[in-house]
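User: Could you take a close look at how the copies in this model sit relative to each other? After that, I'd like to hear about the cysteines too.

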There are 2 protein chains.
Amino acid sequence: MTGTPCSAIARSMTEDPPFSPALLPAGFVDFLTPDARTEAEGVATLMDVFASHGYDRVRPPLIEFEDTYLAGAGAALAEQSFRVMDPDTRRMMVLRPDITPQVARMAATRVASTPRPLRVSYAGVCVVVSPVAAEESSRQIMQTGIELIGPDSPEADAEVMSVGAEALERLGVKDVSFDLTMPPFIPALLEESKVPEAQRAALMRALDRKDSAAVAEQGGPLASTLIALLEATGLAEHAVARLTEITLPPKARAVLDRLVDTVAALREQCPNLRMTVDPVEFRGWKYHTGVCVTLFAVGRSEELGRGGRYLCNDNEPACGLTLRPDVLFRMIPPTPARPRVYVASGADKREAARLRTQGYATLAASSLTAEPEIEARRLGCTHVLRGTVCTALS
Amino acid sequence: MTGTPCSAIARSMTEDPPFSPALLPAGFVDFLTPDARTEAEGVATLMDVFASHGYDRVRPPLIEFEDTYLAGAGAALAEQSFRVMDPDTRRMMVLRPDITPQVARMAATRVASTPRPLRVSYAGVCVVVSPVAAEESSRQIMQTGIELIGPDSPEADAEVMSVGAEALERLGVKDVSFDLTMPPFIPALLEESKVPEAQRAALMRALDRKDSAAVAEQGGPLASTLIALLEATGLAEHAVARLTEITLPPKARAVLDRLVDTVAALREQCPNLRMTVDPVEFRGWKYHTGVCVTLFAVGRSEELGRGGRYLCNDNEPACGLTLRPDVLFRMIPPTPARPRVYVASGADKREAARLRTQGYATLAASSLTAEPEIEARRLGCTHVLRGTVCTALS
């Protein structure tokens, strides 16, 4: 018999395909070895670098009351937050989409009286309603980062970024670019130059699109300055050289000079770091008040991390940097697996323990009858321990 | 002026106290240093021991579809699961209250074809609607554990427990007791002894209460056996000696002998482990099919962990053990902090880097004017680095 039975055709035309539910929701995945190990060990490496610069680990909870979490810096995250009701208090709680607002809350409460500069680090999982960027699919996000709360100086900005750069280097992430921006600069320049309120939105859009023609048309007396700024982007030292030549009103100049000073301070810390500067960029920064940075790997589109200067709880100078281990770990080789030793039945337990202290994984025999070499190979072992003798499989 | 103003009294009688919302929901807390560090490093230590015995790390997601998660071993967890709707599929998702059902799911899917014995380990955070035990308050739970899937033998049971014991020892948890039970034993005995269905519930309750008088009254021809079993509890070797003397019908004897054999296999692995046996205990074990274990520290009431034998996905022999790092870390000294070095302005960067590799935390000066020694003390440093010279503060 050939062809398709009529009943099947009828069904395919009138019904949905047979229900085949996805095993896991989009954006929530299982990690196996070595990915799970690489991520966990990568986070530990990052946290180790942070700790070596005096950043003390904090661990805020996965869930908070909605009104507490969204009250401060979390407000912008309302749409990204899953909510559940606390059956005890009947208050709504959010599953955190971001750890940084929690660190700000802690800075104003539990560690309010800890001496400044306050250096804290964190690592933990977050959940977002939708992937945070077009090139991403994850809704479960691993975040790790640092906050330096108290000082407000180019050196403080540079410390946070240089610690981040050292952490990435230790992790083995190569060809990272630190892309620096100063989001308050263009708004400050338009304000100081008295660009009429009504023209600013269109001008900002043109600058955001890097559209020189539109900027020339809409920039009025500021057009040539803005076009010079558009051109003063790229590798940091090149951009800085051009930026110093541009004539600016004094307040805008001061804002821009802070960017220039931060570049110098970061260069002092990291002589070989790839840095770019874009003085015109402002998109995607909402509550930042100073230099911001986005980390990319050359040739890849996902952000590796981001950070910048802001006012913690609207009153305390702070600079932070958040890294994304779940993105980073895809760029590094998996952490090496321990070589595996099959421990034949009756083999010496002390020798097995000694092998473990030397970095081997020992797998106890689970069959008394199977030939140890065959079992060892089947289980991915490279060695067999018989009695007190450990033999490499050829 | 003394006494309470009338208006305050009136308000206290007629109104609720002034609204003062708790900062965090009950059971969700902030950890600071050293607790946050101790927990994270404790988890890493446990995972390291698991890996050294060939247990490969997996990382299932925080969130799953409700119907997938609750379909298998997760069914008993429905009441403990917070739920949110996936806006894309409109299907309900659960925030996992337990990782072990996810490992079972993975054993039947992603790692279904991995050779057995399958050894997996996991560490991650879970959220429960209510604290899991009366003596606890946490609703955010850290879980870490292992599963040994495939073999069904006393040696496999003993492997899982002995790896758990080694992990606790490495963590520095002292005076742990492994309390072994065999939940299927009493039901098997009552069945084989043809105790009428109608009498079993009352008899089980009497056994559960360890109420010898009620057992004697309701036990019928089995009364003396059951009382002997009630008395055969306590330290493992003592209990086993008594259990071997009790006459039992053959199937019940076989079930009990498996407990006895597991005790012997575990003693072989762990000559000094404190083990107790209670052959009559069955409460709190729902889907377990063999030997179970609960871990306590002598003199403390919270469980440190639990595990036992079950049928993974209702068809594959498995034995697992889950530890609770969030309970464990309260029982061990905090992991030592790095000694802190204040790096005076202009000090040698290479020397600071060298100190970091030696285990120091170096704190960059954030003030050019402050006296380094004063700043160092204020920030909890024990050393100051000036130039290339690191000096301990007296």
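Analyst: Sure. Keep in mind that this is a predicted model. A turn of 180 degrees, with a shift of 0.0 Å along the axis, lays chain A on chain B with an RMSD of 0.0 Å. The two copies are therefore related as by a two-fold rotation axis. If you want a landmark for that axis, go to Val84(A): of the residues of chain A, its C-alpha comes closest, at 3.4 Å. The contact between the copies fits the picture, because 100% of the interface residues of chain A are also interface residues in chain B, so the copies meet through the same surface.

Now the cysteines. Over all chains, the structure holds zero disulfides. Take Cys292(A): the closest cysteine sulfur is in Cys319(A), and at 8.1 Å that is too far for a bond, since a disulfide needs the two sulfurs within 2.5 Å. Cys292(A) is also buried, with a relative accessible area of 0%. Cys381(A) is in no disulfide either, as its nearest cysteine sulfur, in Cys390(A), is 10.0 Å away. Cys381(A) counts as buried too, at 7% relative accessibility.

While we're on buried residues, have a look at helix H9 of chain A, residues 223-231. Its buried residues are Ala223(A), Thr225(A), Leu226(A), Ile227(A), Leu229(A) and Leu230(A). What covers them includes helices H6 (185-192), H7 (197-208) and H8 (212-218) of chain A, along with H10 (236-245) and H11 (250-269) of that chain.

Conventions:
Residues are numbered from 1 along each chain as its sequence is written. Chains are lettered from A and ligands numbered from 1 in the order in which they are written. This is a predicted model: local features need pLDDT of at least 70, side-chain atom pairs count only at pLDDT 80 or more; totals for chains, interfaces and linings use all residues. Side-chain values use heavy atoms; hydrogens and water are left out. Buried means under 20% relative accessible area, exposed over 50%, partly exposed in between (1.4 Å probe, protein chains only). Helices (H or I, at least four residues) and strands (E, at least two) are DSSP runs, numbered from the N terminus. Contact means heavy atoms within 4.5 Å. Copies are superposed by least squares on the C-alpha atoms of residues with pLDDT of at least 70 in both.
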